[in-house]
Amino acid sequence: MEKNRIKFEFLVHDLKVPLAVIEAGLVSLLHKMDKYGPLTEKQAKVLERALRNTLITRTLVNDALELGRSSEGIVTKTSFPLSSYVAQTLVEIFDLTDHKTADRIRECTSCADLKKILSQKGIFLEMEEGLWRRELVLDVSKARQILRNLLNNALKYRKRRVDLRIHERDGCLQLYVRDDGEGIPANFHQKIFECYFQMDMQADHCVRGHGLGLAGVQVLLEDMGGEMSLESDVGKGAAFSVRIPL
Ligand SMILES: Nc1ncnc2c1ncn2[C@@H]1O[C@H](COP(=O)(O)OP(=O)(O)OP(=O)(O)O)[C@@H](O)[C@H]1O
Ligand SMILES: [Mg+2]
């Protein structure tokens, strides 16, 4: 492994310790009130939210390390219900911006329920109830990173709506994420998958990103034996299709 990359991964790795301290502190305040004193309802809510986001940060740090491991070709397959894969990915996304929706997604028990909550947020989910209940064998952490990055992009660039379709076909999990934003001109269809590339570096929204998401998704898919394609043009939105073999 190249020296700079080891340094970088070591830095990410060492974020785990201070994060664990923050997490433990929040857990103590929330769950050991006999020792640390009572909390008002409002204080508890703030701490719960801080804790949730610490957990998300922990997931992100683990994901970052996972990405490094993946480029070394490590894939960890487990069996999990597709419902938890989809719901958890969405909770991670909403917890950062809209914790009420995140709570509703966390509590939902059927695919129909989830579709209703999402449609109120301009996200239209197409997925069969039967698939929602299925157990799949897949590297779920990588699968979550893939879906989260594509959805975050779609939500960032959409005008009004995002379409999310999840199917199982030809022995593959198929994800389709489409938005109705400005789209991507054909001459950038390769470039956007390169590290640090952003179409309009000057635009405000680019400040929030690093141009790493799609490059990361590409690496993960390679390791999982999957593939991704893009359909888009100026003014016509962008549609990313992913196939992950099961
Ligand atoms: N759905 C989309 N619609 C329009 N442009 C997109 C879309 N998805 C990606 N792009 C373009 O591709 C570039 C690279 O995307 P990528 O996800 O790799 O990086 P980012 O979203 O800018 O930052 P990061 O994901 O690292 O936070 C984006 O900056 C944007 O210019
Ligand atoms: Mg991105």
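## Exercises on a predicted model

In this predicted model, 8 bridges join strand β5 (residues 172-179) to strand β7 (residues 238-245), and the two strands run antiparallel.

**Exercise 1.** Place β5 and β7 in their sheet: what is the strand order, and which strands are at the edges?

Solution.
- Step 1. The sheet is open and has 5 strands, in the order β2-β4-β5-β7-β6. Its pairing is mixed.
- Step 2. An edge strand pairs on one side only, and this holds for β2 (123-126) and β6 (227-232).
- Step 3. From one strand to the next, the twist averages 15°.
- Step 4. For a single bridge between β5 and β7, take Tyr176: its partner in β7 is Ser241.

**Exercise 2.** Find which strands helix α5 lies across, and do the same for helix α10.

Solution.
- Step 1. Helix α5 (residues 82-95) lies across β2, β4 (162-169) and β5. The angle of α5 to β5 is about 30°.
- Step 2. Helix α10 (residues 213-224) lies across β6 and β7. The angle of α10 to β7 is about 25°.

**Exercise 3.** Describe how helices α6 and α7 pack: at what angle do they lie, and how far apart are their axes?

Solution.
- Step 1. Helix α6 (residues 99-107) packs with helix α7 (residues 111-119) at an angle of about 170°, and the axes are 9 Å apart.
- Step 2. Angles over 145 degrees count as roughly antiparallel, so α6 is roughly antiparallel to α7.
- Step 3. On the α6 side, the contact is made by Thr101, Arg104 and Ile105; on the α7 side, by Leu114, Ile117 and Leu118.
- Step 4. Sorted by type, the residues of this contact are 4 nonpolar, 1 polar and 1 charged.

**Exercise 4.** Decide for Gln145: is this residue buried or exposed? Then list its contacts beyond four places in sequence.

Solution.
- Step 1. Gln145 is in helix α9 (residues 140-157).
- Step 2. Buried means under 20% relative accessible area. Gln145 has 7% relative accessibility, so it counts as buried.
- Step 3. With neighbours within four places in sequence left aside, Gln145 is in contact with Asp63, Glu66, Leu67, Val217 and Leu220.

**Exercise 5.** Repeat the reasoning for Ser28: is this residue buried or exposed?

Solution.
- Step 1. Ser28 is in helix α2 (residues 16-31).
- Step 2. Ser28 has 15% relative accessibility and therefore counts as buried.
- Step 3. Not counting residues up to four places away in sequence, Ser28 touches Met33 and Tyr36.

Note on methods:
Residues are numbered from 1 along each chain as its sequence is written. Chains are lettered from A and ligands numbered from 1 in the order in which they are written. This is a predicted model: local features need pLDDT of at least 70, side-chain atom pairs count only at pLDDT 80 or more; totals for chains, interfaces and linings use all residues. Side-chain values use heavy atoms; hydrogens and water are left out. Two strands pair if DSSP finds at least two bridges between them. Helices (H or I, at least four residues) and strands (E, at least two) are DSSP runs, numbered from the N terminus. Axes are lines fitted to C-alpha atoms, for helices over the stretch in contact, and angles run from 0 to 180 degrees between N-to-C directions. Contact means heavy atoms within 4.5 Å. Buried means under 20% relative accessible area, exposed over 50%, partly exposed in between (1.4 Å probe, protein chains only). Angles under 35 degrees count as roughly parallel, over 145 as roughly antiparallel, 65 to 115 as roughly perpendicular and the rest as oblique. Ala, Val, Leu, Ile, Met, Phe, Trp, Tyr, Cys and Pro count as nonpolar, Asp, Glu, Lys and Arg as charged, and the others, Gly among them, as polar.
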